[in-house]
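Reader: Please take me through one part of this model in detail: the ligand site. I would also like the other hollows, in brief.

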Amino acid sequence: MTKSGAFIVFEGGEGAGKSTQERLLAEHLAAAGLPVLRTREPGGTPAAERIRAILLDPASAGLDIRAEALLFAAARGDHVARVVRPALQVGTTVICDRYLDSSVAYQGYGRQMDPEQVRQLSLWATFDLLPDLTIILDVEPRVGLARVSDPDRLEAEPLEYHERVRHGFLTIAAADPARYLVIDGSKAPDEIAVQVFAGVDALLASR
Ligand code: TMP
């Protein structure tokens, strides 16, 4: 029987530098001979990418907040069922750009809905699939947003919204420190990568 792959998620506010770190981690793991899949949310399947387009389009301004939460969860359900779980089952390490905690932080804390209800919605959609490790790149929203050009519908939300999202991520991580690694995203990319590799190598050694 093949050992299940590790499920590693990157989270953080806008402009936190996730893509760079995901690429560096994928290279690090591939160099060690591990099969790796990089994917993202919302997205990762044809249908989920179409849902992503609806969610991020500035033309969807005013989208009802419960409809928004359901669409993120719908995209996640398809992605997990058709891409993430099958990859994990054949022993592939999955590196995912955002997952359920983005919904808890953006829809729960950001939109001021019950974070636990939002979390339960995603657990239902995914048959309870949780990451083995979630890496949160923490940056002040003012700093992260300054790195964003041509803002999408969510990036265009006011600063207070992004402050609530940041508070959400930090609250989630503080409640379960064993499954979260919070890294200062204002550091240099190579310094961040050292911390990411250490956290992931420790996870893989413990499995
Ligand atoms: P990205 O630009 O990092 O790919 O993320 C897309 C946007 O969608 C980003 O503003 C965060 C937001 N988002 C949510 O609000 N809820 C979610 O569940 C996910 C996955 C993303």
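Author: The ligand site comes first, then the pockets, the cavity and two backbone details.

This is a predicted model, where local features need pLDDT of at least 70, side-chain atom pairs count only at pLDDT 80 or more, and totals for chains, interfaces and linings use all residues. Residues are numbered from 1 along each chain as its sequence is written, and side-chain values use heavy atoms, with hydrogens and water left out.

Start with the shell. It holds 14 residues around the ligand, and Glu14, Arg76, Arg98, Ser103 and Gln107 come nearest. Here a residue is near a molecule if one of its heavy atoms lies within 4 Å of it. By class, the shell has 6 charged, 5 nonpolar and 3 polar residues. Nonpolar means Ala, Val, Leu, Ile, Met, Phe, Trp, Tyr, Cys and Pro; charged means Asp, Glu, Lys and Arg; the others, Gly among them, are polar.

Now the polar contacts (pairs of N or O atoms within 3.5 Å). A side-chain N or O atom of Glu14 is 2.7 Å from an oxygen atom of the ligand. For Arg98, a polar side-chain atom lies 2.8 Å from a ligand oxygen. For Arg52, the distance from a polar side-chain atom to a ligand oxygen is 3.0 Å. The ligand has 470 Å² of accessible area on its own, and the protein covers 93% of that. These areas come from the Shrake-Rupley method with a 1.4 Å probe.

Which elements build the shell? Helix 2 (46–56), helix 3 (65–89) and helix 4 (100–110) give two or more residues each. Helix 4 gives the most, with 4 residues. Helices are DSSP runs of H or I, at least four residues long, and strands are E runs of at least two, both numbered from the N terminus.

The ligand takes up the space of the largest pocket. A molecule sits in a pocket if more than half of its atoms lie within 2 Å of the pocket's grid points. The grid has 1 Å spacing and is laid over the protein atoms alone; a pocket is an open set of points with protein on both sides within 12 Å along at least five of seven lines, a cavity is a set where a 1.4 Å probe fits but cannot get out, and lining residues have an atom within 4 Å of a point.

The largest pocket holds about 640 Å³ of space. A volume is the space filled by probe spheres set on the points, which are joined across faces, edges and corners. Its lining has 32 residues; Glu14, Gly15, Lys18, Asp97 and Arg98 lie nearest the centre. The lining divides into 12 charged, 10 polar and 10 nonpolar residues.

The second largest pocket has a volume of about 240 Å³. Among its 16 lining residues, Asp101, Arg119, Ile172, Asp176 and Tyr180 lie nearest the centre. Nonpolar residues number 9 there, with 6 charged and 1 polar.

A search of the whole structure finds 1 cavity of 30 Å³ or more. The largest cavity has a volume of about 120 Å³. It is lined by 14 residues, and Gly12, Gly13, Glu14, Val139 and Arg166 lie nearest its centre. Helix 7 supplies the largest share of that lining, 5 residues.

Two backbone details remain. The peptide bond from Glu41 to Pro42 is cis, with omega near -10 degrees. Gln112 has a positive phi, near 60 degrees. Most residues other than glycine have a negative phi, and most peptide bonds are trans.

Key:
Polar contact = N/O pair within 3.5 Å; in protein donor to acceptor, adjacent residues only side chain to side chain.
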